[in-house]
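The following exercises are to be solved with the sequence and the structure in view. Each task is followed by a solution in steps.

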Amino acid sequence: MTEKTSGDLRLTGVTKTYDGFTAVDQLDLVIPRGSFFALLGPSGCGKTTTLRMVAGLDQPTIGQIWIGDRDITGTKAYQRNVNTVFQSYALFPHLSIIDNVAFGLRRRKISDHKAKAMEALELVQLAHIAKKKPGQLSGGMQQRVALARAIVNRPDVLLLDEPLGALDLKLRRQMQIELKMIQSEVGLTFVHVTHDQEEAMTMADTIAVMNSGRLEQVGDPATLYEHPKSTFVANFLGQSNLLEATVKSRAGSIAELDVHGVNLRLPVDRLANGTSAVWLGVRPEKLRLVAPGSTHDQTGDGNRLTGVVADASFTGLATNYLVRLPWGQELMVVQQNDGTPRVTAGTQVTLGWAPEHGFALDANQDAHAGAQDQADDSGAA
Amino acid sequence: MLRPRRTRPNYTPYLLLLPGLAWLVVFFVVPTLSLASQSLQTGNVETGYALTWHFQTYVDALSQFWPHFTRSIFFAGTATVLTLLLAYPLAYFIAQKVGRWKNFLLVLVIAPFFTSFLIRTLAWQTILTDNGPVAGLARSTHFTDLLQWVHLTNNDSLMNSRFAVICGLTYNFLPFMILPLYANLERLDHSLIEAAGDLYATPIKTFWKVTWPLSLPGVVGGTLLTFIPAAGDFINSRLLGNTQTVMIGQVIDSEFLRVQDYSTAAALSFVLMFIIVVIVAVYVRRAGTEELL
């Protein structure tokens with residue numbers, strides 16, 4: 001039971017419906033062995049349901065779940081070589097820490113369970129509290145015990161259900177780094193469910209963004225951020241400015257777009273074939289804000305828009321501006337605190353960005369998809 | 001942080017304790033002392049009693065009635081085990097599985113209390129009567145033979161036997177087992193059950209390693225609420241038993257009210273109290289739940 005042929009975790013056509021409500025819809029996903037994979041999405045997007053189906057706590061309505069070449073669909077949780085770090089930790093309050101960690105080993109009749117459990121506790125630096133009860137530990141310590149209790153079993157897949165959600169910000173940052181180090185040390189497949197885009201980006205090799213039971217996009221953090229494929233991803237991962245644009249021409253490698261009469265450019269490979277109406281997107285930190293009469297205009301031969309600063313807020317690390325364009329739309333601009341002079345509200349400014357920093361999205365989508373979800377979730381966390 | 005300076009000690013908690021303390025003094029401490037004194041007095045109802053520190057009463061009472069003590073402990077213990085076996089699955093079901101029917105089922109559990117204890121016990125005479133369907137079924141399935149073999153009945157009938165007394169006790173005290181178990185199992189964190197399953201525990205292992213140990217406070221509470229009153233009960237064995245099933249509660253009752261040997265009755269009451277306290281203390285220590293009680 002211990003040394004099974006481990007492999008990639010695969011979900012093929014997985015659908016889960018509850019009383020007519022589709023929580024997960026036709027999900028196809030491959031999670032490579034040994035990777036740190038994040039399932040990211042707002043609450044109710046189906047990410048936790050997906051995780052519970054992999055754990056065996058729920059069964060898919062349709063579809064299969066595979067580990068390597070074994071179909072584990074329909075098997076019970078206790079028959080799967082998969083372990084979970086629960087959001088509430090779910091430590092057994094009547095057992096000591098060491099007995100909690102040894103629980104899985106004991107059930108599988110592994111001989112030197114005490115020694116192995118101690119090793120796991122050492123890995124999370126908690127060997128000294130082995131004899132205590134969970135109730136005597138802080139939230140951060142309980143979190144690490146829950147992690148030790150899962151990794152000690154060397155599962156094919158380790159599932160983490162919002163494991164850092166209950167911790168305060170500072171501890172969360174520390175645990176993010178620690179989790180990532182532990183993952184590379186033990187080399188297990190980690191599947192991390194979270195609604196915190198920053199957490200997902202910090203930790204995961206690959207992120208799958210989910211929305212309303214479907215996959216929006218799968219990729220490494222940089223690709224998802226720089227080349228989002230939907231307005232949802234563009235808004236949920238960081239912030240995006242989306243401009244209503246029409247494609248005028250595709251000459252060579254650069255396409256010309258019309259945005260409210262202004263000519264803007266974008267590499268042709270960012271555009272899907274045959275589309276004419278698109279959302280032209282650009283991240284706030286890619287925009288260069290140039291005050292009138294400024295001597296160091298760094299926008300070069302890039303795209304340019306003019307507007308009036310509607311709001312400026314200084315955060316220390318950067319200054320966040322809202323710039324109102326002639327047609328009323330407001331763009332978010334983040335200017336690093338790198339010595340560039342700051343501008344006050346009411347100033348007429350020029351915004352510039354390099355064409356390759358733009359991205360194009362299908363115009364049939366809601367420009368605000370995902371923006372509200374993110375605001376809600378980060379507010380609740 | 002600024003705190004208002006205390007100008008005088010706070011007497012409110014003590015004042016709030018006062019009514020309860022007064023109640024306990026008047027209706028527990030004083031009667032207990034009076035009972036203790038009565039058990040050491042000699043005399044009779046006509047000529048009156050005098051405190052003579054006559055400890056022989058205890059020796060005589062114990063040597064005459066010890067079988068009634070052991071019988072009472074046996075009946076109460078058996079009934080407690082049976083109520084636990086019946087109540088645990090039921091309480092678990094109500095607490096974890098039925099969803100919105102919870103309150104309705106709880107009302108059903110308590111519903112028998114709307115009828116008098118005496119009537120409910122008498123009803124068991126009808127249930128177990130010789131020509132009733134229960135007795136008929138028991139005879140046709142040879143359950144009566146099994147009962148005779150384990151000496152819970154003396155013949156083919158179910159009534160007027162140890163079996164009938166245990167049935168009555170089990171039935172009458174069942175709600176006292178269900179309610180504490182329910183209160184405990186209702187709080188059981190379902191994610192712990194899932195975690196056990198996730199950590200390779202089969203449903204049976206999960207029960208014995210997680211659910212059962214976590215429910216021990218409810219089990220201890222329920223067994224105490226069942227065992228203690230059942231050990232002193234005198235109605236069930238009078239209405240459902242025979243001369244061989246007389247429990248210590250019946251003896252105390254008749255010593256006080258019929259024989260009017262107040263000293264013996266008082267001594268028996270004290271011994272019963274002592275036995276129960278010892279059993280409970282050993283039991284609670286064994287269950288290892290002192291801190292949870």
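**Exercise 1: The fold of chain B**

Among the contacts in chain B that join residues at least 6 apart in sequence, 70% are between residues at least 24 apart. The model is a predicted one.

Task: Determine whether chain B is spread out or compact by the globule rule.

Solution.
- Step 1. Chain B contains 12 helices and two strands. Along the sequence, these elements follow the pattern α-β-β-α-α-α-α-α-α-α-α-α-α-α.
- Step 2. For 293 residues the globule rule gives 19 Å, whereas the radius of gyration of chain B is 24 Å, well over that value; chain B is therefore more spread out than a compact globule.
- Step 3. The C-alpha trace of chain B spans about 80 × 75 × 35 Å along its principal axes.
- Step 4. As for burial, 32% of the 293 residues of chain B count as buried.

**Exercise 2: Helix H4 of chain A**

Task: Compare the span of helix H4 (residues 139-151) of chain A with the expected value, and state which elements its buried residues pack against.

Solution.
- Step 1. Helix H4(A) has 13 residues, and at 1.5 Å a residue it should span 18 Å. The expected span is 1.5 Å times one less than the number of residues.
- Step 2. The end C-alpha atoms of H4(A) are 19 Å apart, which agrees with the expectation.
- Step 3. H4(A) is mostly covered, with 10 of its 13 residues buried. Among them are Gln142(A), Arg144(A), Leu147(A) and Ile151(A).
- Step 4. The buried residues of H4(A) pack against S6, H2, helix H3 (113-123), strand S7 (157-161) and helix H5 (169-186) of chain A.

**Exercise 3: The contact between the chains**

Task: Describe the side of chain A that touches chain B by its elements and residue classes.

Solution.
- Step 1. Chain A contributes 16 residues to the contact and chain B contributes 14 residues.
- Step 2. On the side of chain A, strand S6 (82-85) and helix H2 (97-107) each supply at least two residues. H2(A) gives the most, with three residues.
- Step 3. By class, this side of chain A has eight nonpolar, five polar and three charged residues.

**Exercise 4: Confidence in chain A**

Task: Which elements of chain A have the lowest and the highest mean pLDDT?

Solution.
- Step 1. Chain A averages a pLDDT of 89, and 93% of the residues score at least 70.
- Step 2. Helix H9 (residues 371-380) of chain A has the lowest mean pLDDT among the elements of the chain, at 52, and H2(A) has the highest, at 96.
- Step 3. Over residues 1-5 of chain A the pLDDT is below 50. Over residues 375-381 of chain A the pLDDT stays under 50, and the model has five contacts beyond four places in sequence for this stretch.

Technical notes
Residues are numbered from 1 along each chain as its sequence is written. Chains are lettered from A and ligands numbered from 1 in the order in which they are written. This is a predicted model: local features need pLDDT of at least 70, side-chain atom pairs count only at pLDDT 80 or more; totals for chains, interfaces and linings use all residues. Two residues are in contact if their C-beta atoms, placed from the backbone, lie within 7 Å. Helices (H or I, at least four residues) and strands (E, at least two) are DSSP runs, numbered from the N terminus. Ala, Val, Leu, Ile, Met, Phe, Trp, Tyr, Cys and Pro count as nonpolar, Asp, Glu, Lys and Arg as charged, and the others, Gly among them, as polar. A residue is buried if 20 or more other C-beta atoms lie within 10 Å of its own, exposed if 12 or fewer, and partly exposed in between; C-beta atoms are placed from the backbone. pLDDT is the predictor's confidence in each residue, from 0 to 100. The radius of gyration is taken over C-alpha atoms; the globule rule is 2.2 Å times the number of residues to the power 0.38.
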